[in-house]
Amino acid sequence: MTTRPLSRTALVWWLSLAQLVTWGSVFYTFALLLEPVERELGLTRAQSSLAFSLALLAEGLCAYPVGRWIDRGHERAVMTGGSLLVAAALVLHAFVQSAAAFYATWILLGAALAGTLYAPVFAVVTRRYPADFRRAIITITFLGGLASSVFIPLSAALIQGWGWRNALLVLAAVHLLLCVPIHALCLRGAPGPSAPATPGAHSPALLLRSAPFLLIGVFVIGMMGITAAIPPHLISLLREAGLHEAWVIAIPATIGVVQVLGRLLLYFFEHRFDLHLANRLIPVLIPLSLAALIAGAASPVAGVVFVVLYGLGNGMLTIVKGTAIAQYVNREHVASLNGALGIPTAIARALAPVLLGVLWTREAGYRWGLAVLLAVAVVACVALVAAQRKSLLPR
């Protein structure tokens, strides 16, 4: 990386690499830390899992102020500072000796993720490339989608070979040597602040109360709840669908690849379709996947259809969710508006897996829970269509 301004392609790919590292080393490594941390600190599974929920809530609480800072032109400071905070928190994590310290570390990590994951980087490219931000976002999600495939085996090898504390120090060093320089050097020359808030129709205060924003909020929160509820229950869902145990293990392991395949299809073929039609059709894959599993009951075929539809849909849904505010509400204040959804989204992500578990019964299995998720998915899809229609009406 030189002192000359980076091309659009180079900037997007450097930011993509930072996303891969951040998602992989923090978000996906947590599951590998559970058992060794529980053994050393004497925690139950419920106690250790609480740390991740606290991180999600911290991320949600910080999302709005982070969005406001980005809209004011401070994207370089936000993302560089976020990467520094990730590194510092991982170092602190390596030395925790109590549950309180463990929780505090993950609260710090949650705050750091608010400034380093998809939401801020999507806002960055939307502000820099207002005419072509969607393709930049699709590109960024390619490497982000492979984070689990890269870092689950990498972090597992580090933990097994050097112990979980030393593994965290290595991951912290990766952030210091890679993510911090990427954000510090690549994000120079940020666009200036968004237009100052005025009492007009495009002020953030009025936009937050507008019908398109509220409908997009229903869509995003509903879909985020569904995609948070499914992963922790996926193994049990597939077993109940009657799949052979080998498939039960293999399918979740490859779901990241299926998601990336969906994004590749979107990247290469979306120019052949109307953009708004594509945005309407992609989310429909989620309720279709749930309906296939409910209708197929214990059929292995239904389980495979579910995973294919869900994987493809979830992969492309990331782009639809990440661009909906900019396309149907407002681009000038996109970071702030997306940030305003941080807390309700975090609550939905934290509660949805628990609620799906509560709805499980020995007699019906996940049938009632899946029915509820299907209803939420339908409402979310309808909300997006309504937002489109209100936003695209002639003015």
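Arg-127 is buried, with a relative accessible area of 12%, which places it below the 20% limit used for that term. This value, like the others in this account, comes from a predicted model. The side chain of Arg-127 meets that of Glu-75 in a salt bridge, with 3.5 Å from N to O. Because Arg-127 belongs to helix 6 (residues 118-128) and Glu-75 to helix 4, the pair ties together parts of the chain that are 52 residues apart in sequence. Glu-75 is also buried, and its relative accessible area is 0%. The pairing extends to a further residue, since Glu-75, Arg-127 and Arg-128 are linked in a network of salt bridges.

The surroundings of Arg-127 can be read from its helix. Ten of the eleven residues of helix 6 are buried, so this helix is largely enclosed by the rest of the structure. Among the buried residues are the aromatic side chains of Tyr-118 and Phe-122, together with Pro-120, Val-121, Val-124 and Val-125, and the two arginines of the network, Arg-127 and Arg-128, are buried as well.

Helix 4, which carries Glu-75, leads on to a helix pair. Helix 4 (residues 75-93) packs against helix 5 (residues 99-114) at an angle of about 165°, and their axes are 8 Å apart. The two helices are therefore roughly antiparallel to each other, a term that applies to angles over 145 degrees, and their crossing is left-handed. On the side of helix 4 the contact is made by Gly-82, Leu-85, Val-86, Ala-89, Leu-90, Leu-92 and His-93, while helix 5 contributes Phe-102, Thr-105, Trp-106, Leu-108, Leu-109, Ala-111 and Ala-112. By residue class, this contact divides into eleven nonpolar and three polar residues, with no charged residue taking part.

A second helix pair can be set beside this one. The axes of helix 7 (residues 133-145) and helix 14 (residues 300-328) come within 10 Å and cross at roughly 155°, so that helix 7 and helix 14 are likewise roughly antiparallel to each other. Their crossing, however, is right-handed. Helix 7 enters the contact through Phe-133, Arg-134, Ile-137, Ile-138 and Thr-141, and helix 14 through Thr-318, Ile-319, Gly-322, Thr-323, Ala-326 and Gln-327. The residues of this contact divide into five nonpolar, five polar and one charged.

The remaining part of the account returns to charged pairs. Side chains of opposite charge can pair when their charged atoms come close. The count for the model comes to five salt bridges. One of them joins the side chains of Glu-40 and Arg-165, at 3.0 Å from N to O, and it links distant parts of the chain, with Glu-40 in helix 2 (residues 30-41) and Arg-165 in helix 9 (residues 164-186), 125 residues apart. Arg-165 is buried, with a relative accessible area of 18%.

Another salt bridge is formed where the side chains of Glu-59 and Arg-349 meet, at 3.7 Å from N to O. Glu-59 lies in helix 3 (residues 45-71) and Arg-349 in helix 16 (residues 342-359), so this pair ties together parts that are 290 residues apart in sequence. Both Glu-59 and Arg-349 are buried.

Methods. Residues are numbered from 1 along each chain as its sequence is written. This is a predicted model: local features need pLDDT of at least 70, side-chain atom pairs count only at pLDDT 80 or more; totals for chains, interfaces and linings use all residues. Side-chain values use heavy atoms; hydrogens and water are left out. Axes are lines fitted to C-alpha atoms, for helices over the stretch in contact, and angles run from 0 to 180 degrees between N-to-C directions. Helices (H or I, at least four residues) and strands (E, at least two) are DSSP runs, numbered from the N terminus. Angles under 35 degrees count as roughly parallel, over 145 as roughly antiparallel, 65 to 115 as roughly perpendicular and the rest as oblique. A crossing is left-handed if the near helix is turned anticlockwise from the far one by less than a right angle, and right-handed if clockwise. Contact means heavy atoms within 4.5 Å. Ala, Val, Leu, Ile, Met, Phe, Trp, Tyr, Cys and Pro count as nonpolar, Asp, Glu, Lys and Arg as charged, and the others, Gly among them, as polar. A salt bridge is a side-chain nitrogen of Lys or Arg within 4 Å of a carboxyl oxygen of Asp or Glu. Buried means under 20% relative accessible area, exposed over 50%, partly exposed in between (1.4 Å probe, protein chains only).
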